[in-house]
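Hi everyone, thanks for coming. I'd like to take you through one structure today, contact by contact, so please have the sequence and the 3D view open.

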Amino acid sequence: MRVLMFGWEFPPFNSGGLGTACLGLTRALARLGVDVLFVLPKKLALDVDHCKILFADPSLTLLSFNSLLVPYISAEEYVQLRGKGAGRWSHSLQEEVVRYALLSRDIARNEHFDVIHAHDWLSFMAGIEAKRVSGKPLVVHVHATEFDRVGPGPISQFVYEVERRGMDEADWVIAVSEFTKRIIVDRYRVPERKIQVVHNGVDESDYLKETATPEVVKRLKDEGNSIVLFVGRITLQKGPDYFVRVAERILEFEPNVYFVIAGSGDMEGKIIEEVARLRLTDRFIFTGFLRGDDLHKVYRAADVYIMPSVSEPFGIAPLEAITHGVPTLISREAGVAEVLTHTLRVDFWDIDEMANKVVALLRHPELRKTLCLHAREELKRINWNEAAKKCVMLYNEL
Amino acid sequence: MPAVCFYFQVHQPMRIKHYRLFDIGVDRDYFGERGEGNLNNERVLRKVANKCYLPANRLLLSLLHRHPEFKVSFSLSGVFLDAARQYLPELIFSFQQLVETGRVELLAETYYHSLSFLYSTDEFRQQVEKHRRLIEELFGVKPRVFRNTELIYNNEIAREAESLGFEALLAEGADHILEWRSPNFLYRPVGGRAIKILLKNYRLSDDLAFRFGERSWKEYPLTASKFAEWLTGHNGSSDVINLFMDYETFGEHQWEETGIFEFLVALPGELLSRRDNFFVTPGEAAARWEPVGELDVPHYVSWADIERDLSAWQSNEMQRKALESLYALEGAVLARQDLALLEDWRRLQTSDHFYYMCTKWFADGDVHKYFNPYESPYDAFISYMNVLHDMRLRLREAERRDEHHIAIKRPAAERQ
């Protein structure tokens with residue numbers, strides 16, 4: 001079985017959970033004997049259209065093609081990134097998505113594969129074109145929809161249309177949670193029988209490395225302080241503004257707490273300003289986007305992890321926190337809550353309840369330990385092998 | 001000639017409301033949830049009374065009238081009786097009617113349905129005494145048989161029950177304490193003088209309590225004649241078959257639609273129509289039969305969960321912390337002689353609070369989840385610990401008041 005897979009990002013070139021998910025899934029597919037040819041738009045230093053990156057594992061081939069399609073990009077950001085009159089890039093995000101789709105035809109013609117699997121909207125058109133050229137079945141994998149990204153704001157009609165067309169032309173639609181499946185049914189009018197829920201997982205072996213606590217954090221902890229952690233893009237969907245508000249409430253009761261935001265994003269400036277306005281600057285640490293060991297260190301140092309997402313189709317970060325022995329508090333609606341029971345849940349807008357729970361976690365080591373103990377046990381069942389098995393079952397049904 | 005001994009446990013805890021960080025020091029009404037959910041104690045009591053207690057009591061009363069040989073026994077927890085007196089006095093009346101027939105025995109237990117025996121013998125004795133007084137006041141009878149919370153039992157509890165003057169006590173007929181022996185006889189505890197143990201026949205009891213309405217069970221549907229046949233089958237090899245269960249089995253755990261009430265209506269007649277069958281209450285059983293052997297139970301057993309040990313209340317760190325923190329306040333609470341404070345502290349001892357914090361099997365959505373009015377065991381723990389925090393504040397306030405009191409009194413005394 002060979003799968004032609006279209007994505008947006010792949011570690012170490014990732015800025016969010018999608019890359020982590022693609023890595024986890026492809027590795028688990030490889031373990032099941034499935035060959036994956038992973039196509040990735042990426043701004044390359046080389047002046048070539050695409051190149052094959054071969055991994056040590058021969059069943060995974062990464063194919064990068066030169067593009068400005070960076071993950072989580074908006075149309076405005078694309079124009080900014082392109083700069084003035086940059087010769088080789090398309091004029092707009094829309095055109096670049098189309099260019100990706102056109103280039104995918106060449107790949108589809110030249111490579112051998114049995115199934116096409118496309119992750120999220122930037123790659124859907126590429127998937128559709130590949131299907132048209134090769135006649136092979138298409139699976140689209142929805143990790144987030146436009147409705148998650150924009151919150152209550154106006155959606156981009158273009159993005160919505162691409163998502164809908166992808167789902168229409170697909171032979172199977174994979175949703176990362178029941179939460180996302182409902183959105184796909186309600187907002188995109190996809191018949192339920194065409195949608196399968198495949199929950200993400202986590203590879204615990206990735207996170208078990210012993211790491212040293214960063215010196216600055218270590219000093220804070222030695223002085224008797226606790227760390228409350230936010231990991232994620234600083235963007236509306238992830239609720240960083242609620243994190244700041246809950247911090248203010250927590251500090252009324254537990255003054256020896258520091259709040260760490262690990263991530264970057266379009267709301268970063270706004271959040272930093274808000275923290276300053278509340279005079280909490282000396283209580284906040286902004287680490288910027290972290291990956292690998294740096295991210296592990298921050299997890300390890302944390303006493304509590306919060307995911308106050310406004311809309312969260314899945315949310316892998318809480319699972320990562322658990323692998324590091326950190327108890328979690330997550331939005332009630334998050335997709336991950338469908339598979340993770342040993343976590344605290346809140347409504348993202350309920351600042352008081354969030355503070356109530358975080359303070360309880362900080363005050364009672366017994367609560368933290370019991371949560372972690374059971375969550376780690378539960379995590380053994382939330383792994384990529386299960387997700388990969390479901391995908392293979394779907395491929396075989398095509 | 002097997003006798004059948006029915007014992008029903010009737011208990012409702014005073015559940016703690018969603019008590020948050022912000023309520024500490026402000027809100028002292030820990031049990032006063034008024035909303036729609038299952039933390040509203042009045043609402044739950046009314047619901048269970050309508051589904052179970054009232055219709056089942058009516059039914060038992062008519063059975064007692066119809067069959068002069070029929071007998072049952074109950075234990076009614078003090079917290080349950082308090083709630084009934086406050087919210088639903090007709091419920092007390094309906095139990096009084098049953099007891100007045102003279103064929104309904106009431107058993108003794110800890111007033112607060114507590115785990116006090118595990119933490120404080122003094123407190124345990126106080127609660128047993130308080131419960132005895134309440135039963136006497138409401139029903140005019142003096143219990144002679146003891147059952148500890150959730151049938152928690154070991155050698156020491158038997159000794160303690162004997163020293164308190166009880167003639168018998170109930171325990172779970174768990175396989176690991178009985179080994180090859182039958183639960184259908186009376187036993188003598190190690191070190192006991194005259195006190196006797198009645199053991200629950202858990203297979204036959206659980207056929208009603210857990211399996212009755214289960215369609216996948218191979219014996220489904222269980223009819224009264226079939227069950228009477230099973231019981232009669234013990235003829236010649238048993239003294240007494242003890243059917244011990246939650247009273248809520250009737251109409252609440254097994255819904256009315258399962259036919260559990262029809263079953264109960266038909267059962268006494270079916271049993272009595274077969275040769276040699278009769279009914280006894282626990283006190284009568286103790287008076288009638290001698291123990292057939294000695295039972296050595298050094299470790300605790302209970303009737304909870306498949307483990308039948310203390311793990312339903314003590315298996316994780318949250319539960320142990322909550323229990324330790326609660327009983328650590330004992331000396332300070334008693335020293336205050338503040339009745340409201342004492343009452344709250346005792347209501348916090350009810351075993352259900354710790355059961356709600358149990359994380360065993362939580363993810364599998366089993367019975368713990370079914371009985372849990374909180375979103376998770378963690379939520380139960382958080383509200384509980386916030387309440388204890390407030391209790392400590394109250395104790396400190398009271399201490400300070402006392403100091404103040406002494407400080408202003410002293411000059412007056414000196415003037416004299």
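Let's begin inside chain A, where 28 residues of domain 1 touch 20 residues of domain 2; contact here means heavy atoms within 4.5 Å. Before I go on, some housekeeping: this is a predicted model, where local features need pLDDT of at least 70 and side-chain atom pairs count only at pLDDT 80 or more, while totals for chains, interfaces and linings use all residues. Residues are numbered from 1 along each chain as its sequence is written, chains are lettered from A and ligands numbered from 1 in the order in which they are written, and side-chain values use heavy atoms, with hydrogens and water left out.

So where do those domains of chain A run? Domain 1 covers 2–201 + 383–396, and domain 2 covers 205–379; the bounds come from an automatic or database domain assignment. Together, the two domains of chain A bury about 1,700 Å², with 55% of that on carbon and sulfur atoms. By buried area I mean the accessible area (1.4 Å probe) that two parts lose on being put together, summed over both.

How many salt bridges cross between domain 1 and domain 2 of chain A? The rule finds zero; it asks for a side-chain nitrogen of Lys or Arg within 4 Å of a carboxyl oxygen of Asp or Glu. There are, however, five residue pairs in polar contact between these domains, both residues at pLDDT 80 or more. A polar contact is a pair of N or O atoms within 3.5 Å; within protein, one must be able to donate a hydrogen and the other to accept it, and residues adjacent in sequence count only if both atoms are side-chain atoms.

On the domain 1 side of that contact in chain A, helix 1 (17–31), helix 5 (146–150) and helix 7 (178–188) each give two or more residues. Helix 1 of chain A has the largest share, four residues. Helices (H or I, at least four residues) and strands (E, at least two) are DSSP runs, numbered from the N terminus. By class, this domain 1 side has ten nonpolar, 13 polar and five charged residues. For those classes, Ala, Val, Leu, Ile, Met, Phe, Trp, Tyr, Cys and Pro count as nonpolar, Asp, Glu, Lys and Arg as charged, and the others, Gly among them, as polar.

Now to chain B, which is assigned domain 1 (3–295) and domain 2 (312–398). The centres of these two domains, taken over C-alpha atoms, are 24 Å apart. Their contact takes 41 residues from domain 1 of chain B and 33 from domain 2 of chain B. The area buried between them is about 3,100 Å², and carbon and sulfur atoms give 57% of it. Four salt bridges are counted between the domains of chain B. If you want a salt bridge to click on, try Arg346(B) with Glu123(B), where the closest N and O atoms are 2.8 Å apart.

Next, the two chains together. What does chain A bring to chain B? In this contact, 24 residues of chain A meet 21 residues of chain B, and the buried area is about 2,000 Å², 62% of it from carbon and sulfur atoms. Four salt bridges are counted between the chains. Asp379(B) forms a salt bridge with Lys357(A), and their closest N and O atoms are 2.6 Å apart. The chains also share eight residue pairs in polar contact, both residues at pLDDT 80 or more. Helix 13 of chain A gives the most to its side, with eight residues. That side of chain A divides into seven nonpolar, six polar and eleven charged residues.

Finally, two backbone details. Most residues other than glycine have a negative phi, and most peptide bonds are trans. Asp120(A) has a positive phi, near 60°, and lies in the loop between strand 5 (115–119) and helix 4 (121–134) of chain A. In chain B, the peptide bond from Tyr220(B) to Pro221(B) is cis, with omega near -5°. Pro221(B) is in the loop between helix 7 (202–209) and helix 8 (224–232) of chain B. That's my tour, thanks for listening!
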